[in-house]
Amino acid sequence: MEILFDRYDVTSVGEISDVDLFSLYRELRPPGVRTAQVAAALETLYGCNSDTLYKLDIEHAIRELDRRYFLLQDLEWEYKCLARRDGLISEEDSRLLFTATHHPNFSLRKFQTWLSGRVLKGSGVPFNEIDVLLCNIPTTDEIIAELPSVPLPEIPLGRSSTTVITDKTKSFARQKKLEKLSYLRKLQELKAKRSDNLKQRKKVETSPKPDDTASVEATKEVVQDEQKKEERKQKEEEERKQREEEERERKVK
């Protein structure tokens, strides 16, 4: 890997640009990934926007790009299963895709931030609008940081603190269980839709193509009409020549 890095490090300073990393990875694993994915990989690696990769981090960068490369292949298939006739998916289906990809670290706050920042709200979602966000899987620390601070509950008279805390815990666990069941149900629907699409594709590929008999017959009729017209023209031409020949012979006599 370092040898490949040195080919792009023409000044031998131990670093390459994000453009060089894009070309390096495209050579390593064609056709590579988008430049936006390269920028996101560097941000994941260094924790901030960076247009430079250092030689010591080349293996970590390739590992991150590989993660995105192979994840994108699965995501493209999932996206096609949800796509409508226009090739796009709805915002509701995009949330399902985010939930299935990022589970259990799905960040509703990040999803809503992206949703509110869309130029055409409610319009179809193309894949290249969400592919980078789908590959940017939130960490557990990010999810914990998003949790709101919950004040200590007031303890009503006649009830111990243990009872109140137990009730709150049960309510929270019940809510999480319902969210998990909802997620699993949507995931099953997605898998069923994917299975139906696969069956439909196999059916189309294996089914024999129907013979267009009407079209064939129409083509034959057109060809026959053309042949008849050509024969009629030839016959008229021969008769005309014969009349001219007879006329010349009559004049000679």
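Visitor: Why is Arg7 called exposed?
Guide: This is a predicted model, and the value is computed from it. Arg7 has a relative accessible area of 51%. Exposed means over 50%. Arg7 therefore counts as exposed.

Visitor: How do you know that Glue27 and Arg7 form a salt bridge?
Guide: The closest N and O atoms of Glu27 and Arg7 are 2.8 Å apart. The cut-off is within 4 Å, for a side-chain nitrogen of Lys or Arg and a carboxyl oxygen of Asp or Glu. The pair therefore qualifies as a salt bridge.

Visitor: What does that pair tie together?
Guide: Glu27 lies in helix α2 (residues 18-28), and Arg7 lies in helix α1 (residues 2-8), so the pair ties together parts that are 20 residues apart in sequence.

Visitor: Is Glu27 buried, partly exposed or exposed?
Guide: Glu27 has 36% relative accessibility. Partly exposed runs between the 20% and 50% limits. Glu27 therefore counts as partly exposed.

Visitor: What makes Arg34 and Asp131 a salt bridge?
Guide: Their closest N and O atoms are 2.9 Å apart. The limit is 4 Å, so the pair passes.

Visitor: Where do the two partners sit?
Guide: Arg34 is in the loop between α2 and α3 (35-46), and Asp131 is in helix α7 (residues 127-135). They are 97 residues apart, so this pair links distant parts of the chain.

Visitor: Why is Asp131 called buried?
Guide: Asp131 has 4% relative accessibility. Buried means under 20%, so Asp131 counts as buried. Its partner Arg34 has a relative accessible area of 38%, which makes Arg34 partly exposed.

Visitor: How do you know that Glu142 and Lys110 meet in a salt bridge?
Guide: The N to O distance between their side chains is 3.2 Å. That is within 4 Å, so the pair counts. Glu142 lies in helix α8 (residues 140-146) and Lys110 in helix α6 (residues 108-116), so the pair ties together parts that are 32 residues apart in sequence.

Visitor: Why is Glu142 called partly exposed?
Guide: Glu142 has 33% relative accessibility. That is neither under 20% nor over 50%, so Glu142 counts as partly exposed. Lys110 has a relative accessible area of 41% and is likewise partly exposed.

Visitor: How many salt bridges are found in the whole structure?
Guide: The search finds 12.

Visitor: Which residues form a network with Glu64?
Guide: Arg67 and Arg68. Salt bridges link them with Glu64.

Visitor: What makes the Glu64 and Arg67 side chains a polar contact?
Guide: The two side chains come to 2.8 Å. A polar contact needs a pair of N or O atoms within 3.5 Å, so the distance passes. Glu64 lies in helix α4 (residues 58-82). At 13% relative accessibility, Glu64 falls under the 20% limit and therefore counts as buried.

Visitor: What makes Lys229 eligible for a surface patch?
Guide: Lys229 has 46% relative accessibility. Patch residues need over 30% and no salt bridge. Lys counts as positive. Lys229 joins Lys228, Arg232 and Lys233 in a positive surface patch. Lys229 lies in helix α10 (residues 213-252).

Visitor: Why is Glu231 called exposed?
Guide: Glu231 has 53% relative accessibility, over the 50% limit, so Glu231 counts as exposed. Glu231 also lies in helix α10. A negative surface patch is formed by Glu231 with Glu221, Asp225, Glu226 and Glu230.

Visitor: What is the omega of the cis peptide bond from Pro30 to Pro31?
Guide: Omega is near 0°. Pro31 lies in the loop between α2 and α3. The peptide bond from His103 to Pro104 is cis too, with omega near 5°. Pro104 lies in the loop between α5 (91-102) and α6.

Visitor: What is the phi of Ser12?
Guide: Phi is positive, about 55°, although Ser12 is not a glycine. Ser12 is found in the loop between α1 and β1 (15-17). Its relative accessible area is 64%, over 50%, so Ser12 is exposed.

Definitions and conventions:
Residues numbered from 1 in each chain as written. Predicted model: local features only at pLDDT ≥ 70, side-chain atom pairs only at ≥ 80, totals over all residues. Heavy atoms only, no water. Patch = residues over 30% accessible without salt bridge, like charges linked within 9 Å, V, L, I, M, F, W, Y side chains within 5 Å. Areas by Shrake-Rupley, 256 points an atom, 1.4 Å probe, with all protein chains shown as cover. Charge placed at Lys NZ, Arg CZ, Asp CG, Glu CD. Helix = DSSP H or I, 4+ residues; strand = E, 2+ residues; numbered from the N terminus. Buried < 20%, exposed > 50% of the residue type's maximum accessible area, 1.4 Å probe, protein only. Polar contact = N/O pair within 3.5 Å; in protein donor to acceptor, adjacent residues only side chain to side chain.
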